[in-house]
Amino acid sequence: MSQMPQQAALAKCPSCAEPLESGDLFCGACGYDLSVVPAPPQDHPTLTMTGPATPADGVDWPAPDPAGSGATPPTAHRAADVPGTDSGGNPLHGQEQQHPHEPREPHEPPASGVRFDRPAEPEEYPLQAPDPRVAADTAVPEGAAKVCVACRAGQVDDDGYCENCGHAQPRERDHMERESGPVAAVSDRGLRHHRNEDSFTVGHTALSDGTPAAVAVVCDGVSSATRPDEASAAAARTAGDLLLAALPRGTHPQQAMHEAIVAAAQAVDALAGEPASAREHTPHQNAPACTFVGAVVASGLLVVGWVGDSRAYWVPADRSAPAARLTEDDSWAAQMVAAGLMNEAEAYADERAHAITGWLGADAYELEPHTASFKPDRPGVVVVCTDGLWNYAETAEEMAEIVPLDAATRPLHGARVLVGHALDGGGHDNVTVALLPFPAPPQGAGSA
C-alpha cells in the first residue's frame with residue numbers, strides 16, 4: 001500500500017496532540033506512525049426515520065407523537081408519561097432540584113430527530129491502531145509474547161507499544177462484549193475519544209422462588225472528573241454484584257435496585273480517598289464521578305434505576321405498539337423543560353443542555369437514587385444505554401426504529417447493531433448498550 005510523504009515540521013501528533021521534535025518517526029506518547037498522515041474521514045451521520053405507531057390495547061403506554069416533517073420536533077416520552085411507581089409507591093414525577101456539575105458537550109437542535117455531540121475540534125482523531133473489532137483474533141499461548149495488531153509481526157513491549165512498527169496497542173476496554181444468559185451488552189470507545197470511560201455489568205440469576213431474573217448496569221464516567229474510567233468500572237461492578245446477590249435472597253427488585261445505587265455511589269466515593277501516588281500525573285484533582293442506569297427483569301416486573309443522563313427505553317416486540325423512555329435525565333435541559341421555562345428544542349440548543357445535575361461521586365451534593373417499576377402487558381426488550389447511543393436516537397420512537405426485530409432472542413447481535421449505529425453516526429462519544437428481553441426467558445436461554 002502506498003504511503004503519503006511525511007509532512008515537514010509537524011508541530012504535534014495528529015493522534016494525541018503531543019508536541020513533536022524534528023526528525024521524529026513515531027509519536028513518543030501514543031506511537032502514532034508520523035509517516036502516514038491520513039485525511040480526515042468523512043462523517044456521514046445515520047439519520048433515523050420514524051413512522052406512525054398504532055397504540056395497542058393493554059397497559060396505557062404513552063401514545064407516540066405524530067411522525068412527519070412538520071416544524072414541531074417529536075417529543076420524547078418521559079418516565080412520568082409511563083404508568084409506573086417510585087420506591088415509595090407514589091406516581092412518578094419529575095425532579096426539581098439541580099446541582100450543576102459537568103457541562104457535557106452541547107447538541108444541535110433536535111429538529112432533524114437526531115442530536116449530534118459536536119465539540120469544536122480541528123479534525124477527526126484517527127484510531128491509534130487498527131480497529132480491534134476487525135483485527136484477526138489470534139490466540140496467544142499463556143506466557144508467550146503478544147503480537148502487534150498492526151503489523152502482525154513485532155512483539156509488544158511492557159508499555160504496550162510494538163517493537164517493530166511502534167504502534168500503540170488497543171486497550172482491553174476499547175471494545176468489550178459480554179453475554180450472560182438472556183442479557184448481553186457491548187461497549188466501544190467510539191471514534192473521537194482516546195479511551196473508553198463507560199463500563200457495564202450484565203448477569204442472570206433466579207429469585208427465591210426460582211423465577212428467572214436478568215440484570216444490567218451501565219455507567220458513564222464524567223470526562224471532566226479525575227479517573228472517570230475507574231469510577232464507571234467501580235460503580236458497575238459493585239451494583240451488579242449487589243443485585244445478583246440480593247435477588248436470590250428474596251429482596252424486592254426495586255429495593256435491591258435502590259441499594260445497588262447507594263452501594264455504587266459509595267464505591268465511587270472511595271476512589272477520591274486514594275493516596276497521592278495514584279494521582280501523581282493529574283495535579284488538578286477533582287473527585288471521580290459517573291452516571292448510572294440499571295434494569296432488572298424478573299417475575300413479570302420491569303424495574304429501572306438511574307442517576308444522571310444515561311437512559312433506559314422500552315421497545316415492544318410488536319412495533320405497532322408505542323415504545324417508551326423509562327428514565328428522566330438529571331440534566332439542565334431536562335430541568336428547564338420540566339419546569340416549563342423552555343421547550344425541548346430551546347433547552348437542548350443551549351450550551352448548558354447537557355450539564356448533569358445528578359451523578360455518583362464524592363463531590364455530589366446529595367445522592368438521589370431514582371427507581372421505578374413497570375408491568376408491561378406484552379413481550380419486548382429493554383434498552384439500557386449511555387448518551388453515546390441515545391445522542392443518535394433520542395426519542396423512544398427513534399430508538400425503536402434502530403433496535404433489531406429479533407433483539408429479544410439475539411441480544412448480543414442487537415447490541416452490536418446499536419453500537420454500530422452510533423459509530424456510523426459519527427461515534428463522537430463512548431457508546432455502551434445492554435439489552436434485556438422481557439419477560440425474562442428460562443435459565444439457559446440466550447443469543448442464537
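**Strands, a helix and aromatic pairs in a predicted model**

Good morning. Let me begin with strand S10, residues 370–374: five of its five residues are buried, so the strand is largely enclosed by the rest of the structure. Please keep in mind throughout that this is a predicted model.

How do the side chains of S10 divide between its two directions? His 370, Ala 372 and Phe 374 point one way, while Thr 371 and Ser 373 point the other way, and all of them are buried. This follows the usual pattern, since in a regular strand the side chains alternate between the two faces of the sheet. The partner I would like to show you is strand S6, residues 301–307, which runs antiparallel to S10 and is joined to it by five bridges. Within this pairing, Val 304 stands opposite Ala 372.

I turn now to a second group of strands. Six of them form an open sheet, in the order S1-S2-S12-S11-S7-S8, with antiparallel pairing. Strand S1, at 175–180, and strand S8, at 324–325, occupy the edges; each has a single partner strand, so one side of each is left without a neighbour in the sheet. For S8, two bridges make the connection to strand S7, residues 311–316, and the two strands run antiparallel. Here Tyr 313 of S7 is found opposite Arg 325 of S8.

Strand S7 also brings us to the aromatic residues. How many aromatic pairs does a search of the whole structure find? The search returns two. In one of them, Trp 314 and Phe 438 meet edge-to-face, with 5.7 Å from centre to centre and 85° between the planes. This pair links distant parts of the chain, as Trp 314 belongs to strand S7 and Phe 438 to strand S12, residues 431–438, with 124 residues separating them. Trp 314 is buried, at a relative accessible area of 0%, and Phe 438 also counts as buried, at 6%.

The other pair consists of Trp 359 and Tyr 365, again edge-to-face, with 6.4 Å between centres and 65° between the planes. Are these two residues buried or exposed? Trp 359 is buried, with a relative accessible area of 3%, whereas Tyr 365 is exposed, at 60%.

One further ring deserves mention. Arg 311 lies over the face of Trp 390, at 3.4 Å from the ring centre.

Let me move to helix H1, residues 228–246. The helix has 19 residues and spans 27 Å from its first C-alpha to its last, close to the 27 Å expected at 1.5 Å a residue. Its buried residues include Pro 228, Asp 229, Ala 236, Gly 240 and Leu 243. What do the buried residues of H1 pack against? They pack against strands S3 (198–206), S4 (212–221), S5 (289–298) and S9 (360–361), and against helix H2 (253–271).

Thr 201 shows one such meeting of helix and strand in detail. Thr 201 is found in strand S3 and is buried, with a relative accessible area of 15%, under the 20% cut-off. Its side chain reaches the backbone oxygen of Ala 236 at 3.0 Å. Leaving aside neighbours within four places in sequence, Thr 201 is in contact with Val 215, Ala 216 and Val 217, and also with Ala 236, Arg 237 and Gly 240. Of these contacts, Ala 236 and Gly 240 are among the buried residues of H1. As a general point, an α-helix has 3.6 residues a turn, so residues three or four places apart point the same way.

Thank you for your attention.

Key
Residues numbered from 1 in each chain as written. Predicted model: local features only at pLDDT ≥ 70, side-chain atom pairs only at ≥ 80, totals over all residues. Heavy atoms only, no water. Helix = DSSP H or I, 4+ residues; strand = E, 2+ residues; numbered from the N terminus. Expected span 1.5 Å × (residues − 1). Buried < 20%, exposed > 50% of the residue type's maximum accessible area, 1.4 Å probe, protein only. Contact = heavy atoms within 4.5 Å. Pairing = 2+ DSSP bridges. Phe/Tyr/Trp six-rings, centres within 6.5 Å; stacked < 30°, edge-to-face > 60°. Lys NZ or Arg CZ within 6 Å of the ring centre and 35° of its normal. Polar contact = N/O pair within 3.5 Å; in protein donor to acceptor, adjacent residues only side chain to side chain.
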